[in-house]
Amino acid sequence: MWTHTRVTEKLNIKLPIVQGPFGGGPSSIALAAAVSNAGGLGSFGAYSLSPDQIKQLARDLRAQTSHAFAINLWVPYSPVHETRITETEYRSAVARLQSYYDEVGAVAPSYDSLFRAQDYDAQVAALLEAAPPAFSFVFGIPRPDILRACRERNIVTLGAATNVDEAVALDKAGVDIIIATGSEAGGHRVSFLHDPDESPANTALTPQVADLVRAPIVVAGGIADGRSIVAALALGASGVQVGTAFLACDESNATQAHKDAIRSERARHTALTRAFSGRYARGIKNRFMLDMQTQQQALPAFPYQNFLTQSMRQGAAKAGRADLQSLWAGQNAPLVKHARAADLIKFLVDDTNRVFAQLKTLID
Ligand SMILES: Cc1cc2nc3c(=O)[nH]c(=O)nc-3n(C[C@H](O)[C@H](O)[C@H](O)COP(=O)(O)O)c2cc1C
């Protein structure tokens, strides 16, 4: 049966379906717990949480589900990738955004407040103390001592790769499950060894990764129904990670304007942008993305651009405006139709069975 795989065995879950984590706000305990209780792996994006919040998160998730769940962090890049913003750069970045702040009644953050990113080592220490059933991560590979500590605590590790070299590096490091993340995926392009725009789509990425790694593979990007699940399994995966379709569910903490955009005709038009956070991410095209299109290279790096646009995004969200907030979504967003996480999971299982049955008629 397709539902029993190396991934379900490693994670001790019933279905090889992972709910993608959403960092920076859209994750919710209700969504992660609903997915875990329905047999998948619920996840919570915790990169912006403090160590104490991470410990509390693990307690809250354990109170809502007795099944496995994942807490997700972002591995920091080396300083070579992202240099500290200067005061002059800060002033020109604020000038670029001033009219948008004004539109939604927001104020620019102070220069000093741009240096308040969470301390990754402290986040990891809190995560190890909380010992969630699974730890998923993006943008790199945790140090060997962290991966060792996870093994000692029976925390299953899941690391994302957007190209073959990243998958091989994760495998060599001993990461338990590799999330092959194709270019279809919504949200940040989580590359760490090569340029984000080199990342292939799943039909190219997954079989090449499957030929080279020992760890089981979960495919992320564009998974929205039985057709894409069957395709992922055929390409060599032992599971799938679904982002956008869960993000649009009632239980997620995404804004209503964001959920509405995913369900609208606009969802057919996604693109990669640095406009909101300073790192490339896939979202539904909106006015702010288009306005920043010609200035992509001039924008400050993550996390500075992320902090600089935060009050604008929050102001837009409060006003129910979709034009000045990030509308992260994958290329299969137009296929999204379910409103409850449990209904979505039931559909994914039933539809996968339907597609397998249909394919069987082709060989009988
Ligand atoms: C709003 C949003 C936020 C995301 N944040 C994270 C994150 O913090 N960590 C992570 O590993 N993946 C993150 N992702 C990626 C998803 O977990 C998942 O891999 C991706 O959405 C799968 O592609 P799909 O959207 O086509 O289903 C995010 C995706 C979205 C849409």
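**Close-up views of the ligand site, helix packing and two backbone features**

**View 1. Polar contacts of the ligand with G222, Q241 and G23.** In this predicted model, an oxygen atom of the ligand has a backbone N or O atom of G222 at 2.8 Å. The side chain of Q241 also places an N or O atom 2.8 Å from an oxygen atom of the ligand. At G23 the partner is a polar backbone atom, 2.9 Å from a ligand oxygen. The ligand taken alone would expose 600 Å², and 94% of that area is buried by the protein.

**View 2. The shell of residues around the ligand.** The ligand is surrounded by 21 residues. The closest of them are N72, G222, Q241, G243 and T244. By class, the shell holds nine nonpolar residues, 11 polar residues and one charged residue. At least two shell residues come from each of three elements, namely β3 (69-74), β9 (239-242) and α10 (244-247).

**View 3. Packing of helix α3 against helix α5.** Two packed helices are described by the angle between their axes and by the distance between those axes. For α3 (residues 51-64) and α5 (residues 120-130), the axes come within 8 Å and cross at roughly 30°. Angles under 35 degrees count as roughly parallel, and α3 and α5 are therefore roughly parallel to each other. The crossing of α3 past α5 is right-handed.

**View 4. Packing of helix α5 against helix α6.** Helix α5 also packs with α6 (residues 144-152), at an angle of about 10° and with the two axes 11 Å apart. This angle makes α5 roughly parallel to α6. The handedness of the α5 and α6 crossing is left-handed, whereas α3 passes α5 in a right-handed crossing.

**View 5. F139, in the loop that precedes α6.** F139 is located in the loop between β4 (134-138) and α6. Its phi is near 70°, which is a positive value in a residue other than glycine. The helix at the end of this loop, α6, is the one that packs with α5 in View 4.

**View 6. The cis peptide bond between F302 and P303.** The peptide bond that runs from F302 to P303 is cis. Its omega is near 5°. P303 is placed in the loop between two helices, α12 (287-292) and α13 (304-318).

Technical notes. Residues are numbered from 1 along each chain as its sequence is written. This is a predicted model: local features need pLDDT of at least 70, side-chain atom pairs count only at pLDDT 80 or more; totals for chains, interfaces and linings use all residues. Side-chain values use heavy atoms; hydrogens and water are left out. A residue is near a molecule or strand if one of its heavy atoms lies within 4 Å of it. A polar contact is a pair of N or O atoms within 3.5 Å; within protein, one must be able to donate a hydrogen and the other to accept it, and residues adjacent in sequence count only if both atoms are side-chain atoms. Accessible areas come from the Shrake-Rupley method with a 1.4 Å probe; for residues, only the protein chains shown count as cover. Ala, Val, Leu, Ile, Met, Phe, Trp, Tyr, Cys and Pro count as nonpolar, Asp, Glu, Lys and Arg as charged, and the others, Gly among them, as polar. Axes are lines fitted to C-alpha atoms, for helices over the stretch in contact, and angles run from 0 to 180 degrees between N-to-C directions. Angles under 35 degrees count as roughly parallel, over 145 as roughly antiparallel, 65 to 115 as roughly perpendicular and the rest as oblique. A crossing is left-handed if the near helix is turned anticlockwise from the far one by less than a right angle, and right-handed if clockwise.
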